[in-house]
Amino acid sequence: MARPGGGYHMTPDEFRRQGAAAVEWVARYMEEVERYPVLSQVAPGDIRARLAAHPPERPEAFEDILADVGPTLLDGITHWQSPNFFAYFPANASGPSVLGELLSAGLGVQGMLWATSPACTELETHVLDWMAELCGLPERFRSTGPGGGVIQDSASSAVLCALLAARARATEGGTRLEDLQAYTSTQAHSSVAKAARIAGLRDDQLTLVGVDGDYALDAEALGRAMAGDARAGRAPFLVVATVGTTSSMAIDPVAAVVAAAAGHGAWVHVDAAMSGPAAICPEFRWVTDGLEGADSCCTNPHKWLFTNFDCDCFWVADRAPLLDALSILPEFLRNAASESGAVIDYRDWQVPLGRRFRALKLWFVLRWYGGEGLRHHVREHVALARELVGWVQADPRFVLAAPAPLNLVCIRHTAGDEATQSLLDQVNASGRAYLSHTRLDERLVLRISIGATATERRHVLALWQLLSDAADVVSASPSATPPG
Ligand SMILES: *Cc1c(COP(=O)(O)O)cnc(C)c1O
């Protein structure tokens with residue numbers, strides 16, 4: 001049963017019609033997402049049990065496929081776009097971003113080489129320069145010099161590329177792979193350890209440096225560890241500093257890290273995946289402090305800049321070591337533009353060869369909001385977090401568990417871990433909000449991350465009410481543990 005026109009493809013005219021219905025579906029989802037239980041309540045296997053046992057042999061009508069999405073999948077979705085989503089980190093999408101993604105899918109280009117779509121490469125280089133300007137990054141990260149930016153799928157890929165570039169720079173100078181030593185703090189994201197593993201380092205080639213009372217890397221301890229390793233014949237080659245740790249949004253002292261690394265010629269990568277977008281506001285630009293001495297840095301517009309996953313901006317001060325690490329030129333990719341040296345081939349800046357046209361959605365977002373619009377919403381999120389901090393501090397049942405410099409608020413119940421766990425369980429089971437947790441100084445802590453696109457003050461107020469009611473249940477329960 002072929003489709004109209006003879007084959008099986010969707011004609012442009014049918015795409016026009018069905019595309020309008022799909023956009024309507026997403027628009028309605030945006031309108032209704034607030035009403036859904038934020039954390040999916042399904043059991044393992046529930047969703048799969050609803051799917052046809054065998055793949056369809058006969059073509060199906062698009063109306064039927066689209067109509068199945070809600071009943072089949074929606075209660076198996078954890079609603080990251082809900083204004084009541086406060087877990088992990090914001091993954092805040094937006095209309096312009098989703099539409100940019102649609103156009104990117106429609107164009108379907110592979111941007112592996114400049115020649116395979118010059119616009120894909122040049123727009124990317126340009127919006128990364130725009131981002132550098134908006135965030136006030138040091139000049140060295142602009143494409144106009146030896147450095148420049150690239151979009152990676154994730155901050156995990158960014159730290160891997162930084163590590164590979166650092167390794168190339170160190171081994172080119174004659175250092176043996178087995179002598180390399182990397183450093184990051186105990187609070188760094190797990191992607192640093194993963195990158196070290198992927199790069200073939202032994203686990204003991206990554207030192208986890210201790211932190212201070214605010215969970216920020218202790219730069220003096222870093223300096224001592226590097227000096228000790230150097231005396232023992234090891235080669236400190238990389239330090240990953242975090243500006244906005246995943247657990248508590250701690251801010252590592254980048255300038256001091258740079259100073260410690262300088263004596264050893266170690267590469268400094270600054271991971272600002274979560275908090276970096278705050279730099280678009282002059283009053284939060286301190287998140288870029290010390291970057292003028294860093295070799296690379298990254299931030300995720302797919303976390304806190306209204307750009308749907310995936311979009312990590314990764315900048316290097318000098319692209320040469322990155323290209324040394326990742327450039328392999330097989331005959332089938334040789335072309336005049338690449339050989340002229342006048343163009344960027346982003347395949348050499350990342351692990352895969354193929355790459356999506358991700359710059360398009362970022363370009364849409366930056367133009368739709370403008371710097372003014374982005375600053376407005378980022379400020380709003382920080383202001384809401386500060387208001388919440390005030391409520392927490394005024395309530396003896398709760399303790400602020402870490403400084404809250406931006407949009408993440410870490411709290412625990414005064415009565416101890418069992419009580420804090422009960423708060424988490426009650427809130428998440430209610431379906432009315434979703435929180436995640438961490439451990440700081442061995443104590444259980446609730447993380448409240450404010451930054452979903454649709455989150456307003458009323459949602460934060462409702463969350464506070466929910467926490468407050470849950471705390472009453474805990475206080476009334478005889479099993480509450482003594483203060484500690
Ligand atoms: C979220 C996060 C990451 C990992 O981000 P992906 O883009 O999902 O790989 C790494 N580092 C920090 C500080 C983060 O907040």
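**Exercises: a surface patch and a sheet**

Helix H4 supplies the largest share of the nonpolar patch, three residues. The model is predicted: local features need pLDDT of at least 70 and side-chain atom pairs pLDDT 80 or more, while totals for chains, interfaces and linings use all residues. Residues are numbered from 1 along each chain as its sequence is written, and side-chain values use heavy atoms, without hydrogens and water.

**Exercise 1.** Determine which residues form the nonpolar patch and which helices supply at least two of them each.

*Solution.* Step 1: the members are Met10, Phe15, Val23, Leu99, Leu102 and Leu103, with about 520 Å² of accessible area together (Shrake-Rupley method, 1.4 Å probe, only the protein chains shown counting as cover). Step 2: helix H1 (12-32) and helix H4 (95-107) each supply at least two residues; helices are DSSP runs (H or I) of at least four residues, strands (E) of at least two.

**Exercise 2.** Decide whether Leu99 is buried, partly exposed or exposed.

*Solution.* Step 1: Leu99 lies in helix H4. Step 2: its relative accessible area is 41%. Step 3: Leu99 is therefore partly exposed (buried is under 20%, exposed over 50%, partly exposed in between).

**Exercise 3.** Describe the four-stranded open sheet and its edges.

*Solution.* Step 1: the order is S8-S9-S11-S10, with antiparallel pairing (two strands pair if DSSP finds at least two bridges between them). Step 2: strand S8 (398-400) and strand S10 (436-440) are the edges, each pairing on one side only. Step 3: strand S9 (residues 408-413) pairs with strand S11 (residues 443-449) over four bridges. Step 4: Ile411 has Leu446 in S11 as its bridge partner.

Technical notes: Patches are made of residues with over 30% relative accessible area and no salt bridge: like charges are joined within 9 Å, nonpolar side chains (Val, Leu, Ile, Met, Phe, Trp, Tyr) within 5 Å. A salt bridge is a side-chain nitrogen of Lys or Arg within 4 Å of a carboxyl oxygen of Asp or Glu. Buried means under 20% relative accessible area, exposed over 50%, partly exposed in between (1.4 Å probe, protein chains only).
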